[in-house]
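Colleague: I am new to this structure and should be grateful for a close look at one part of it. Please take me through the charged side-chain pairs, with attention to how far each partner is covered and where it sits.

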Amino acid sequence: VYLGIDVGGTGIKVGVVDAEGSILAQGETPTLAGRPYAEIIRDMGICALDVIAQGGFNVDDIAAIGVGVPGVANQETGTVVFCTNLGWHDVPLRAELQKYISKPVFIDNDATVAGYAESICGVSVGCHSSVFLTLGTGVGGGIVIGGRPWSGFHGIGSEIGHIPMDIDGEPCTCGNNGCLERYCSATAIIRMGKEAALLHPDSMLHAACGGDVNALTAKMVLDCAREGDDVAVKIFRRYVKYMCLAIDTIIAFLDPEMIILGGGVSKAGNFLLDAIRAALPRYLLFKTLPYARIEIARLGAEAGMIGAAMLGRQLIKEA
């Protein structure tokens, strides 16, 4: 069996996973970001040992450990090079974690491992190539080619959220302007929703947040659009256009077999999926040729654990 660890800004999820991607035991511990990295990794190790024991396993049963982090990792050194959510720079995650569990440790981006999980036991099983988009606070990306996760030569190949979409556009948290995630994330929907609600105090959208635009969520905007509120529908159509432009960029560059939508925004389900599928063809260059299927992710919050464990399974075979 394999150990999968999904490191988030608020919580760390740990799972014992079999070779087919089924979770056999799982647990969680708060991240409490801002603490020294050694303390966070200590809690990660303790939680992992607890989960192993609760599942009726022992450390000897674990073939490898995979870790998904919201940042960039160096697979050779086992360090997290850069992780904004945790304030980590050049953190020796592998060495620290092996103080608690002396097993091979492999690290990759959290969206990359989630996309890999979908290719193992989710919506993209059997696909030659796929791109997974997490539509949340930001936009993460996971690329799988030929059954293997692809993070690029330097580990940053799936930073799709920071592809420039609008030169000199909306300021991004990365320091640049006009990044894709400023237009395709839940944060982008909220920003557009706040602006519109203030301009239209008689709208359903304004009423949905009780007149307090700071309480507005992406779900409120999407729900109001589904109900036919004119103001919310305009935002939704604008968002769908941005998503289609983002998807067209991916198709033009990589031409994957499937593009998968995950994260909080994807919970809009067929309402979002049908709109994107209907609008996408007008943006494509080769309009008479087949192109990537667009689907909603199936594995939800467990994808990170499963994908991290499967990363360990794949790389221990190659080691």
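Modeller: A residue is called buried when its relative accessible area is under 20%, exposed when that area is over 50%, and partly exposed in between. The model is a predicted one, and a search of the whole structure finds nine salt bridges in it. I shall take three pairs in turn and then a network.

The pair R191 and E170 is a suitable place to begin. Their side chains meet in a salt bridge, at 3.7 Å from N to O. R191 belongs to helix α5 (residues 186-199), whereas E170 lies in the loop between β11 (148-150) and α4 (181-184), so this salt bridge ties together parts that are 21 residues apart in sequence. As for cover, E170 has a relative accessibility of 28% and therefore counts as partly exposed. R191 has a relative accessible area of 16%, which means that this arginine is buried.

The pair K219 and D223 has another setting. Here the side chains meet at 2.7 Å, N to O. Helix α7 (residues 218-226) holds K219 and D223 four residues apart, so about one helical turn separates them. K219 is exposed because its relative accessibility is 58%. D223, with a relative accessible area of 28%, falls in the partly exposed class.

In the third pair, K99 forms a salt bridge with E96, and the closest N and O atoms are 3.0 Å apart. K99 counts as exposed because its relative accessibility is 58%. E96, in contrast, counts as buried, because its relative accessibility is 11%. An exposed lysine thus meets a buried glutamate in this salt bridge.

Beyond these pairs, there is a group to consider. R35, E39, R42 and D43 are linked to one another in a network of salt bridges.

To close, the accessibility classes may be set side by side. K99 is exposed and E96 is buried; R191 is buried and E170 is partly exposed; K219 is exposed and D223 is partly exposed. As to position, R191 and E170 connect a helix with a loop, whereas K219 and D223 lie within one helix, α7.

Key: Residues are numbered from 1 along each chain as its sequence is written. This is a predicted model: local features need pLDDT of at least 70, side-chain atom pairs count only at pLDDT 80 or more; totals for chains, interfaces and linings use all residues. Side-chain values use heavy atoms; hydrogens and water are left out. A salt bridge is a side-chain nitrogen of Lys or Arg within 4 Å of a carboxyl oxygen of Asp or Glu. Buried means under 20% relative accessible area, exposed over 50%, partly exposed in between (1.4 Å probe, protein chains only). Helices (H or I, at least four residues) and strands (E, at least two) are DSSP runs, numbered from the N terminus.
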